[in-house]
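The following exercises ask you to read a ligand site and its surroundings step by step. Keep the coordinates open and try each task before you turn to its solution.

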Amino acid sequence: MSGKTPIAILISGRGSNMSVLVEASRAADCPYEVVLVASNNPDAPGLTIAREAGIATFAHSHKGLSRDAFDAIIDKALRDAGVRYVALAGYMRILSEDFVAGWTGRMLNIHPSLLPKYKGLDTHARAIAAGDAEGGCSVHIVTATLDDGEVVGQARVPILPGDTPETLADRVLAEEHRLYPAALADYIRTHG
Ligand code: GRF
């Protein structure tokens, strides 16, 4: 028993934010420990990274299941693992109302835009097309409405002449990796 708050991270893909959360959790003064990494995509590269880091993983495809049925499977895995907070990190699923209600105030997400701008997909292309001078990322509380909950942390980067969605995404991702571990730790320290 570490005495730290048990969290799970939900991923669908490469898992770079998950990796930095796991790495940060190992610092003595970090308030959380990662007890589970779960995915709707059994082939998510991030699952391999988590296993190599010694973290328990759970994978179950959503294919062929209703949203409610699939979310109930994930919810059970989280509860069985004794999870208190859930961190979404590139989890490409719309969540059912029941699932969200079961984790009210205890589920956070990182989104690659300066919310409330650019909810949903293609955030970097939309920021460039709009002529914005800045892009960035936001950590927010998850509610039943996509990318809509209270923002608990943000980081900004300049949008430079000649930026493509890819170059901007790289610059924002570096900030995501700084912001998410710090914002999650602050949130858990504050809310217990
Ligand atoms: C990140 O840009 C995150 O903000 C968004 O999805 C991407 C996930 O990347 N929600 P990774 O799987 O953490 O590398």
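**Exercise 1.** In this predicted model, find which polar backbone atom lies 3.1 Å from a nitrogen atom of the ligand, and then establish how much of the ligand the protein buries.

*Solution.* Start from the nitrogen atom of the ligand, whose partner at 3.1 Å is a polar backbone atom of Ile 110. Then consider the ligand as a whole: taken alone it exposes 370 Å², and the protein buries 85% of that. Turning to the oxygen atoms of the ligand, one finds a polar side-chain atom of Arg 14 at 2.4 Å from an oxygen atom, while a backbone N or O atom of Gly 15 lies 2.9 Å from an oxygen atom of the ligand. All three distances can be held against the cut-off of 3.5 Å for a pair of N or O atoms, so each pair counts as a polar contact.

**Exercise 2.** List the residues around the ligand and sort them by class.

*Solution.* With a cut-off of 4 Å between heavy atoms, the residues around the ligand are Arg 14, Gly 15, Ser 16, Asn 17, Gly 90, Ile 110, Pro 112 and Glu 176. Sorting this shell by class gives 2 nonpolar, 4 polar and 2 charged residues.

**Exercise 3.** Determine what space the ligand takes, and describe the lining of that space.

*Solution.* The ligand takes the space of the largest pocket, which holds about 920 Å³. This pocket is lined by 36 residues, of which Gly 90, Tyr 91, Met 92, Ile 110 and Pro 112 are the closest to its centre. Next, assign the lining to elements: those that give two or more residues are helix H1 (16-25), strand E5 (107-111), helix H5 (123-129) and helix H6 (165-191), and H6 gives the most, with 4 residues. By class, the lining has 16 nonpolar, 14 polar and 6 charged residues.

**Exercise 4.** Examine the backbone of the loop between E5 and H5 at Pro 116 and at Asp 122.

*Solution.* Pro 116, which lies in this loop, is joined to Leu 115 by a cis peptide bond with omega of about 15°. Asp 122 is also found in the loop between E5 and H5, and its phi is near 55°, a positive value in a residue other than glycine.

Definitions and conventions. Residues are numbered from 1 along each chain as its sequence is written. This is a predicted model: local features need pLDDT of at least 70, side-chain atom pairs count only at pLDDT 80 or more; totals for chains, interfaces and linings use all residues. Side-chain values use heavy atoms; hydrogens and water are left out. A polar contact is a pair of N or O atoms within 3.5 Å; within protein, one must be able to donate a hydrogen and the other to accept it, and residues adjacent in sequence count only if both atoms are side-chain atoms. Accessible areas come from the Shrake-Rupley method with a 1.4 Å probe; for residues, only the protein chains shown count as cover. On a 1 Å grid over the protein atoms alone, a cavity is a set of points where a 1.4 Å probe fits but cannot get out, and a pocket is an open set with protein on both sides within 12 Å along at least five of seven lines; lining residues have an atom within 4 Å of a point. A molecule sits in a cavity or pocket if more than half of its atoms lie within 2 Å of its grid points. Ala, Val, Leu, Ile, Met, Phe, Trp, Tyr, Cys and Pro count as nonpolar, Asp, Glu, Lys and Arg as charged, and the others, Gly among them, as polar. Grid points are joined across faces, edges and corners, and a volume is the space filled by probe spheres set on the points.
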